[in-house]
Amino acid sequence: MYQDNVKVTAFFVNMQETARVSEGMNMASIIVISGEQKGEYLPLGRRINVIGRAESLPMQILDDMVSRKHLRIRYNEQTHEHSAEDMNSKHGVVINDRRMTHPTVLQEGDQIRIGQTHLLFTEKDFDNSESALAHYKKVGEGQRPTMIE
């Protein structure tokens, strides 16, 4: 009897997740877009993620200018948005060339700088680092100005 309840519960949770994704609420990701770790990505999911230099973090950034716990990204179940906040880091967090002073809701294509490392926020999820890097390259091409001779 217990196993049947677990199966039904797991099925229901999976159906809820499928419904959310089909409504356009995909899992978001962070992609490293500069430095030696370029192409690495972190699927954010619907949880709190901490990014920094500490080895124990889901995304460790190997940058001497990054604090052990530098940036927190939080998912809000009510608004279906991810927000970023500086964890009192020494060098701060910059989003789209503006120093962050309070928690900020992230938008598709936001570029985040922690230390000397640049990250890209996307509302997409990826199967592997190659597809994440290909997405960044595609987005990056759209942001480059057209040169007119």
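Which residue in S6 is the bridge partner of arginine 72? In this predicted model, the partner is glutamate 85, and the region around this pair is a good place to start.

The model is predicted, so local features need pLDDT of at least 70 and side-chain atom pairs count only at pLDDT 80 or more, whereas totals for chains, interfaces and linings use all residues. Residues are numbered from 1 along each chain as its sequence is written, and side-chain values use heavy atoms, with hydrogens and water left out.

Strands here are DSSP runs of E with at least two residues, numbered from the N terminus, and two strands pair if DSSP finds at least two bridges between them. S5 and strand S6 (residues 81–86) are antiparallel partners over 6 bridges. Their hairpin has 4 residues between the strands, and histidine 80 takes a positive phi near 60° there. On S3, valine 50 stands opposite arginine 72 of S5; strand S3 (residues 48–52) is joined to S5 by 4 bridges in the antiparallel sense. S3 also pairs with S4, this time parallel, over 2 bridges, and isoleucine 51 has methionine 59 in S4 as its bridge partner. These strands belong to an open sheet of 5 strands with mixed pairing, in the order S4-S3-S5-S6-S9. Its edge strands, each pairing on one side only, are S4 (59–60) and S9 (104–105).

The side chains of strand S5 (residues 71–76) alternate: Leu71, Ile73 and Tyr75 point to one face and are buried, while Arg72, Arg74 and Asn76 point to the other and are not. Buried means under 20% relative accessible area, exposed over 50%, and partly exposed in between (1.4 Å probe, protein chains only).

What does the whole structure hold in the way of salt bridges? The search finds 2, a salt bridge being a side-chain nitrogen of Lys or Arg within 4 Å of a carboxyl oxygen of Asp or Glu. In one, glutamate 85 meets arginine 72 at 3.5 Å, N to O; this pair links S6 to S5 across 13 residues. Glutamate 85 also forms a salt bridge with arginine 74, with the closest N and O atoms 3.1 Å apart. Glutamate 85 lies in strand S6 and arginine 74 in strand S5, so this pair ties together parts 11 residues apart in sequence. Through shared partners, Arg72, Arg74 and Glu85 form one network. Glutamate 85 counts as buried because its relative accessibility is 18%, whereas arginine 72 is partly exposed at 22%, as is arginine 74 at 32%.

Asparagine 49, in strand S3, counts as buried at 1% relative accessibility. Its side chain makes a polar contact of 3.4 Å with that of arginine 47 (a pair of N or O atoms within 3.5 Å; within protein, one must be able to donate a hydrogen and the other to accept it, and residues adjacent in sequence count only if both atoms are side-chain atoms).

The second open sheet contains 6 strands with antiparallel pairing, in the order S2-S1-S11-S10-S7-S8. Its edge strands are S2 (41–43) and S8 (98–99).

The largest nonpolar core has 20 residues, and Ile30, Ile51, Leu71, Ile112, Ile114 and Leu119 have the most contacts inside it. Such a core is a set of buried Ala, Val, Leu, Ile, Met, Phe, Trp, Tyr and Cys residues joined through side-chain atoms within 4.5 Å.
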